[in-house]
Amino acid sequence: ISRQDAHLSLVHLVIAFVALFLGAVAGLLQTLVRSGSITLPAGIGYYQLLTAHGVLLGLVFTTFFIIGFLIAGLSKTTGTLTVKARRLGWSGFLLMTAGTILGVILVLLNKATVLYTFYAPLQASPWFYVALTLLVVGSWLSGFAIFQQYYHWKKENKGEISPLLSFMAVITMLLWLIATLGVAASVLLQFIPWSFGWVDTINILLSRTLFWYFGHPLVYFWLLPAYICWYVIIPKIIGGKIFSDALARLSFVMFLLFSIPVGFHHQLLESGISPFWKFLQVVLTFMVIIPSLMTAFSLFATFELTGRPKGAKGLFGWFKKLPWKDARFFAPMVGMLIFIPAGAGGIINASNQMNQVVHNTLWVTGHFHLTVASSVALTFFGISYWLIPHLTGRTLPKKVHLFGNIQTILWAIGMFFMSGAMHVVGLFGAPRRTAYTTYGDHPDAVGWMSYKVAMAVGGSILFIAIILLLGLLSYLAFFAPKGSEEFPIGEAAAESEKAPALLENWKLWIGVTVFLILVAYTIPVINMIEHAPPGSPGFNNLW
Ligand code: HAS
C-alpha cells in the first residue's frame, strides 16, 4: 500500500502494541496479587491495576489495532486513500491518542479506578469521562474515513460490488458507530454532569443499560476484524479460495442486525428489567450465534476445498495439507480452534438458567479470555507478522515463523491454565473482580486458592509470550531484511455465486438494525426513566 497510508496504519499499530505491553504488565501484577503471591508496594491498588488491564487491553489495544488494520486493508483493496479520508483518519488518530493518554494518566493516578465497565455508582474523575469521549469521537472520525473511502470507490466503480474486505470494514465501523451512540449518551448526559457535580445523582440502571447496549456489540467489534482475517486473508495464505463471498457478506450483515439489541444478556440478574424484555433479547442473542456457525461452516469448506486438489482424502485428510509451519496461518488457526469451546461457553452464558450459575463468577472472566484474549488476540498477532513488515518495507524471514509458532503455543498453554482454572473455579462459585481474600478462611474460598495459583502460573506464561511477541514485532519493524512482504487477499472460488447487490443495500440494513434496536430497547428504557429509583450520589472514595 502507499507510503502515506502505511504510515497512518502503522502509527495505530504502535499505540496498540504499547498498550498491549502496559496492559500485560498490569495483568501480570493483578493475577499475582489475586493469588496472594505478592503484595503491591506504594499504595498501588488491585482494582487500579485491574482497571488499567481492562482499559488498555480491552479498549485501547483492540480499537487502535482494528482501525490500523482496516485502514491498511481498505487502502489495499480500494486503492490509496483519498485526501479527505486520510485527513479524517489522522484527526481520528490524534483525538483517540489524546483521549488514551489522558485516560491512562488518570487510571495510573488512581483517579479513575472504576474498571473498564465504569459502572455507577463508582465515580471517576470527570476528566476520565472526557478522555473516553475523546477516544470515542476520535474513533468516529476514523470510521468516517473508512466510509469516505468506500463511498469514493463505489462512485468510481458504479454498479459493481465492492471488494469483500472493504465491505466488511464498513460493517465493522457501522456496528461500532451505532453501538457507541449508547456509551456516548451515557457519558455525555449522565456521567459528565454527575461527576462534575452539575447534578447530584445518576440513574444507575439506565447507565448500565446504555453501557451494555454498547458493551455487547463491542465484543463483535473485536471479533469482526478477526473474521475478516479468517474469511479473506487465510484462504490466500493456505493457497485456496474464499468458499463464498455472498455467505461471508451475509454473515457480516447478520452481525450488524443482531449484535446490538442483545445487551440485556449481560443484565439477566439485574432487577428492574422485566423478564419479557430479557427473554426477547436472549432470543436475539441466539440469532447472533448463527453467523458464527455460518463462519465455522465456511472455514471448514475452505479448508476442505483447498486440501482436495492437493490430494487430501477422507473426511479430515485436508488437515494434513494445511501450512502448519506458517506463523501467518498458525496463530489465527489456533485462535479458531479455541473459538469452538469459547463460543460454546458464550452459549452457556446466554442461557438464562445457566447464567444464574455463572454470572459474576470467574467463569465469565474465563470466557472472555478465550474469546477476545485468545481467538481475537492470536488472530491479531497472526496479522501483525505480515502486516508490520508490509508497512515498514521489510520481509518476514523463515526463522520468525518458528518463533511466532512458539509464541502461539506458549499463548495456548498459558491460556489453558489461566482460562481453564477460571472456568472451573467459577463453577465452584468464585466471584470475579475480587482482590486476594480467603473470606475469613472460609473452606470454600480456601479451596479456590489452588485454582488462583494456576491462574497466576498461566498469566506468567502469557506474559513471557507477550515479551516474545513484542521482540518479534520489533525485529520485523526495524531489523528484518528489506523487501516487500505480501498483503494476502483471497479471491472467491470460481464456482461460488456472485454476491447479490441486495447485500450492499445500506438503507435496508441500517433500517432493520434501527428497527430491532427500537423494539428491544424503547419500552424498557422508558420504564427505567419513568420508574427510576432515587438516583445514587456516587462513590469515589472506595479505595
Ligand atoms: Fe461473550 C460475557 C454470550 C461471544 C466477549 N463476553 C462476555 C464478556 C466479554 C465477552 C468480554 O449471554 C464479559 C463482559 C463483562 O465484563 O461483564 N458471548 C456470548 C455469546 C457469544 C459470545 C452467545 N463474547 C463473545 C465474543 C467475545 C465475547 C466473540 C469477544 C470477542 N458473553 C455472553 C454472555 C455474557 C458474555 C451472555 C454475559 C455473562 C454474564 O452473566 O456476565 C457467541 O457470539 C458465540 C458464538 C460462537 C460460536 C463458535 C463458532 C466457531 C468458529 C470457529 C470454527 C473453527 C474452525 C477451525 C473452522 C458458535 C467460527 C477448525 C479447524 C480444525 C483443524 C478442526
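Let's start at His367, which you'll find in helix 11. Keep in mind that this is a predicted model. His367 matters to our tour through its NE2 atom: the iron atom of the ligand has that atom as its single donor from the protein, 2.2 Å away. Any water is missing from the atoms here, so the site may look incomplete.

Now step back from the iron and look at what else sits around the ligand. The surrounding shell counts 36 residues, and the closest are Tyr220, Asn355, His359, Arg432 and our starting point, His367. Three of these put a polar side-chain atom next to a ligand oxygen. For His359 the separation is 2.5 Å, for Tyr220 it is 2.6 Å, and for Asn355 it is 2.8 Å. Zooming out to whole elements, those giving two or more residues to the shell are helix 6 (204-237), helix 8 (275-307), helix 9 (327-350) and helix 11 (362-392). Helix 9 supplies the largest share, with 10 residues.

What classes of residue make up this shell? Sorted that way, you get 24 nonpolar residues, 11 polar ones and 1 charged one.

Finally, leave the ligand and head for the surface. There you can pick out a nonpolar patch of about 400 Å², built from Val14, Val18, Phe21, Leu22 and Ile467. Helix 1, covering residues 3-34, gives the most to this patch, with 4 residues. Leu22 has its place in that helix 1, so if you want a handle for finding the patch on screen, Leu22 is one of its members.

How values were computed. Residues are numbered from 1 along each chain as its sequence is written. This is a predicted model: local features need pLDDT of at least 70, side-chain atom pairs count only at pLDDT 80 or more; totals for chains, interfaces and linings use all residues. Side-chain values use heavy atoms; hydrogens and water are left out. A residue is near a molecule or strand if one of its heavy atoms lies within 4 Å of it. A polar contact is a pair of N or O atoms within 3.5 Å; within protein, one must be able to donate a hydrogen and the other to accept it, and residues adjacent in sequence count only if both atoms are side-chain atoms. Ala, Val, Leu, Ile, Met, Phe, Trp, Tyr, Cys and Pro count as nonpolar, Asp, Glu, Lys and Arg as charged, and the others, Gly among them, as polar. Donors are N, O and S atoms within 2.8 Å of the metal (3.2 Å for Na, K and Ca); water is not among the atoms, so sites may look incomplete. Patches are made of residues with over 30% relative accessible area and no salt bridge: like charges are joined within 9 Å, nonpolar side chains (Val, Leu, Ile, Met, Phe, Trp, Tyr) within 5 Å. Accessible areas come from the Shrake-Rupley method with a 1.4 Å probe; for residues, only the protein chains shown count as cover. A salt bridge is a side-chain nitrogen of Lys or Arg within 4 Å of a carboxyl oxygen of Asp or Glu.
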